[in-house]
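Open the model in your viewer and keep the selection box handy. We will go from stop to stop, and at each one you will find what to select and what is there.

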Amino acid sequence: MPPNPNSSIHSHANSPFLFGKRALLSLFILSSCSSLDFMLPVKRTTTTAALGVDSESSSLKKQRGLASAASGKAVTYTINMDKGSSNGSNRATSEKLPMSDGQPLEIDEDLHSRQLAVYGRETMRRLFASNILISGVQGLGSEIAKNLVLAGVKSVTLHDEGSVELWDLSSSFIFSEEDLGKNRALAAVPKLQELNNSVIISTLTTELNKEKLSDFQAVVFTNLSLEKAIEFDDYCHNQQPPIAFIKSEVRGLFGSVFCDFGPEFTVLDVDGEDPHTGIIASISNDNPALVACVDDERLEFQDGDLVVFSEVRGMAELNDGKPRKVKNARPYSFIIEEDTTDYSAYQRGGIVTQVKEPKVLNFKPLRQALKDPGDYLLSDFSKYDRPPLLHLAFQALDKFIVEFGRFPNAGSEQDAKKLIALVVDINNGQSDGRLEEIDHKLLRNFAFGARAVLNPMAAMFGGIVGQEVVKACSGKFHPLFQFFYFDSVESLPSEPLDPNDVKPLNCRYDAQISVFGSKLQKKLEDAKVFIVGSGALGCEFLKNVALMGVCCGDEGKLTITDDDVIEKSNLSRQFLFRDWNIGQAKSTVAASAASLINPRLHVEALQNRASPETENVFDDSFWENLSVVINALDNVNARLYIDQRCLYFQKPLLESGTLGAKCNTQMVIPHLTENYGASRDPPEKQAPMCTVHSFPHNIDHCLTWARSEFEGLLEKTPTEVNAYLSNPSEYTSAMKNAGDAQARDTLERVLECLDRDRCDTFQDCITWTRLKFEDYFANRVKQLTYTFPEDAATSSGAPFWSAPKRFPRALQFSTDDLSHLQFVLAGAILRAVVFGIPIPDFVESPEKLADAVDKVIVPDFLPRKDVKIVTDEKATSLSTASVDDAVIIDELILKLEMCRKKLAPGYKMNPIQFEKDDDTNYHMDLIAGLANMRARNYSIPEVDKLKAKFIAGRIIPAIATSTAMATGLVCLELYKVLDEHHKVEDYRNTFANLALPLFSMAEPVPPKVIKHQDLSWTVWDRWIVKDNPTLRELLQWLKNKGLNAYSISFGSCLLFNSMFPRHKERMDRKMVDLVKDVAKAEVPPYRRHFDVVVACEDDEDNDVDIPQISIYFR
């Protein structure tokens, strides 16, 4: 499930209303008490996210690079916009924005919005100040470099003394045949630099010495001997502050990671999740005290968690900010170890919030960890005994290379025996932890593939190691502690390989052939693959299949489809796209880029959404010819549709998805596993309408309301106006026919827009926005608190304003409050766009804008007694039906006609469709303003515009590392699928969370089997009847299976029912004719069959669920 979007408390200092859009560069330059200018950052050029690295706590200063980034004579801007009281007064605080080389360290929020949703600004700041060394630029090194360049570190230095070889071309996307013989590091720079021009990429091509490591905050080695690794790690471990050291290897289908971040490494945020919260319902005067929370949402607290209390009425002693430990955590209650017997009695209200504490890890240096590895990070519990053996195997491989000066040869039994002997020697030399058994078969496979770097393994480990570098540089997420070993020997062909089959063919796939053999390589090349989606997952999949040689043979073909176009926010993780591709079709650009990686790739790019509407494009013939389908989608409905098509045509489906640092993969294999749609997550809980509109208690409610108001005012109502003006008679006739409360409300809004609220000048737009402020944040609150005073009670006598309800306070508008003035600016500009009114230059002057706002006459407001406010949580509409609706609709139509006659010919409005990713359009400014003013009404912590964008824009957090890992895991399964002979126990579904880190792999669940007599079937089965049968022939075909059909339907039309005598007249008619004549269906020329649903019973009259039946008539 997605993490709770409720944000931590932000002050007005992060107010979303920051003046300035390109043209407003100099807006609101105010003087401060110091010699520095007080300045609101300007959009795009210097946004609020133009942040450097603040000075931190002592624990943070230990992390290398923070001190250097914050040192020197930093030029600063002071932001003075802290949260004010309900009447809008501001309290001054400051945030320093250090400069680097005279320029601010900027965060481009348009580019990095999805990454910011995962990391936050603080982590991004630290990344921007981090210098990374990657030694070894083969497949794994290039994947790590790609992920870090996309993440936006300050610099990446590539070290490699070797030259590009043919073997490198099957694992590294940055090399081509033209690079053969060139130094790897030098050849890698151009492709990597294209990914992110803000990252400095440099090279080292000579032997590395340990003193050089002091230039970096983290160093990564992918091809380093143990002797050198121990020497370098000792140096890094003993530096002050320590340099993060990571050693990772990919050897065939085996991989390893070792991390050492120093003797004392502080993890600032162990999981990246927002602190859990609860709304208090009661607190007992007891020892220990029982805290009960409302049953609005289950509590996520665990025993041992620390929590703080706030806003508690009555038992105010708990509001002291002191962390208290949770015991006996339950879904809606917990105990705190505190004696509250003598405390004041609890009255109402209160929020309890988890306190996330830093964690200090004591890493052992490699020298010590090799002998005493501690607990290994497991990925597959069916292989719980593997890590200790692989720990020995990688050490033995190092000894083999030192002794023989080469890797073991693929298929060489002699070399395998030598490696096994080395493993046995190392094991026998251990005093503690000696293994009782050595798996010779596993080590044999390890030896055979040791020289090869496979692309899926490089992609997977590139994601893991890239994330560890981010952790090392930022303290965000829990590091891998300290060894991780992984294998995917199940990906090997099901039949034993002949030594001759793994011999090199002097081609770009030789490394892969050395592991899987040339026969499987031929299957890969001749496969017919459908990739659905070419976003972040799709780009990674395209790169992977191109490097693996999938669809690169004479018989092979890759089809990729995506109906979306490239946006700037895609560029931080959809690595096949460049800034000059913005606005172009994703699939076309991605396919072209993949063809550059491997010119032999046979790829067709389409821009069709795979859906029922495009089944003329993706027809029966298309699906029947496929070898496998790979989903790269971002929504459940599209996944379910593809799942149903794969079920229908019995095609393997490789499914995956990511959410921030989390990823999952699911293998859907015909007849072996359940399908994707067999199990579903429960739907997300929606807040009741009355809560959103009148009783919000968190910022999500405020943002949901804000977006609804934005769309209603600026999109839906102007669209309705245009619909009316384009065809008044038809529109009014439809409203009369509807005659309900919704039609009445719609007409009222249209009339308001064209009459009372019509704007002809920009001053009118200012007036409209100012009055909206008064209506939303003053008058409605006054009416609500008049109808339900603070001491109001329910019909049962309980306090009306009990948790989770929060009693609101009306806001008093003031032009001295920047957030109020900015709200008016955003609203007036958007209102002017809707009415096609030019925006005057005076908006660039805060004084002139304030003067214009002061001209607005705001009527006095008196609450009314007859107002009904919906409090029923089950209500689905705020509109109240009336017996007079029809009469009122007639009156409204008459008034509309009078208004229309006053309008100029051709008059129309310009509806605004919400676009979250354009920071210059004021959409998020208005939505965040609406939400934060409402939050201020209800004393709910406000959020900055970026956080508001995440929630209101429903942005899915995404980072390159988890995407790379997911696609690597899927492509390891692709080997199995295209081999075609693997059993269900060979496949793996995976859930991983790189933040923890956690890897959980398991066999897929087999499909449910239904049995009848000697027959059995699953959801995968589809019974096929050929030769264009008649109804009688179909019934007999079923009778032969011991099934009596009593009903046959096509879609919603009944073709046959045994209860209807007339239906017996249809017995000798062809089924296809019944479909055409009875169901009135048109069978497209590309369709060779149609499907019917048949209801059957056995001879004992028991219903039997049978598979769908496909009748082929051509």
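The tour starts with the whole chain, then moves through single residues, helix pairs and a few backbone details.

**The whole protein**

Before selecting anything, keep in mind that this is a predicted model. Show everything as a cartoon: the protein has 30 helices and 35 strands. Of its 1114 residues, 57% count as buried. Now switch on the surface, which exposes about 47600 Å², with carbon and sulfur atoms supplying 48% of that area. If you look at contacts with a separation of 6 or more, 73% of them are between residues 24 or more positions apart.

**Stop 1: glycine 139**

Select glycine 139, which sits in helix H4, residues 139–151. Is this glycine buried or exposed? Glycine 139 is buried, because its relative accessibility is 0% and the cut-off for buried is under 20%. Next, add Ser171, Ser172, Val453 and Ala458 to your selection; glycine 139 touches these residues, leaving out those up to four places away in sequence. Finally, draw a C-alpha to C-alpha distance from glycine 139 to alanine 452: the two are 313 residues apart in sequence and 9.7 Å apart in space.

**Stop 2: helix H6 and the loop after it**

Move to glutamate 231, found in helix H6. Glutamate 231 has a relative accessible area of 31% and is therefore partly exposed. Draw another C-alpha to C-alpha distance, this time from glutamate 231 to lysine 210; you should get 7.8 Å, for residues 21 apart in sequence.

Now follow the chain to proline 241, in the loop between helix H6 (226–237) and strand E9 (244–251). Zoom in on the backbone here: glutamine 240 and proline 241 are joined by a cis peptide bond, with omega about -5 degrees.

**Stop 3: helices H9 and H10**

Select residues 413–428 for helix H9 and 440–448 for helix H10; their axes come within 9 Å and cross at roughly 120 degrees. H9 and H10 are therefore oblique to each other, and H9 passes H10 in a right-handed crossing.

Which residues of H9 and H10 meet? Show side chains for Glu413, Ala416, Leu419, Ile420 and Val423 in H9, which meet His440, Leu443, Arg444, Phe446, Ala447 and Phe448 in H10. Colored by class, this contact of H9 with H10 has eight nonpolar, one polar and two charged residues.

**Stop 4: asparagine 570**

Go on to asparagine 570, in the loop between strand E21 (557–561) and helix H15 (586–597). Although asparagine 570 is in a loop, this residue is buried, with a relative accessible area of 5%. To see what is around asparagine 570, select Val565, Phe577 and Lys586, its contacts once neighbours within four places in sequence are set aside.

**Stop 5: helices H22 and H23**

Here is a second helix pair. Select 762–787 for H22 and 818–835 for H23. The axes of H22 and H23 come within 8 Å and cross at roughly 125 degrees, and the two helices are therefore oblique to each other. Their crossing is right-handed. On the H22 side, the contact is made by Phe762, Cys765, Ile766, Trp768, Thr769, Phe773 and Phe777. On the H23 side, look for His820, Phe823, Val824, Gly827, Ala828, Ile829, Arg831 and Ala832. Sorted by class, the contact of H22 with H23 has 11 nonpolar, three polar and one charged residues.

While you are here, select proline 804, in the loop between H22 and H23. The peptide bond from alanine 803 to proline 804 is cis, with omega near 10 degrees.

**Stop 6: two residues with positive phi**

Jump to serine 939, in the loop between helix H26 (923–937) and helix H27 (945–952). What is the phi of serine 939? Phi is near 55 degrees, a positive value in a residue other than glycine. Serine 939 counts as partly exposed, at 44% relative accessibility.

End the tour at asparagine 1028, in the loop between strand E30 (1023–1025) and helix H29 (1031–1039). Asparagine 1028 is not a glycine, yet has a positive phi of about 50 degrees.

Terms used. Residues numbered from 1 in each chain as written. Predicted model: local features only at pLDDT ≥ 70, side-chain atom pairs only at ≥ 80, totals over all residues. Heavy atoms only, no water. Helix = DSSP H or I, 4+ residues; strand = E, 2+ residues; numbered from the N terminus. Buried < 20%, exposed > 50% of the residue type's maximum accessible area, 1.4 Å probe, protein only. Contact = heavy atoms within 4.5 Å. Areas by Shrake-Rupley, 256 points an atom, 1.4 Å probe, with all protein chains shown as cover. Axes fitted to C-alpha atoms, helices over the stretch in contact; angles between N-to-C directions. Parallel < 35°, antiparallel > 145°, perpendicular 65-115°, else oblique. Left-handed = near helix turned anticlockwise from the far one by under 90°. Nonpolar A, V, L, I, M, F, W, Y, C, P; charged D, E, K, R; others polar.
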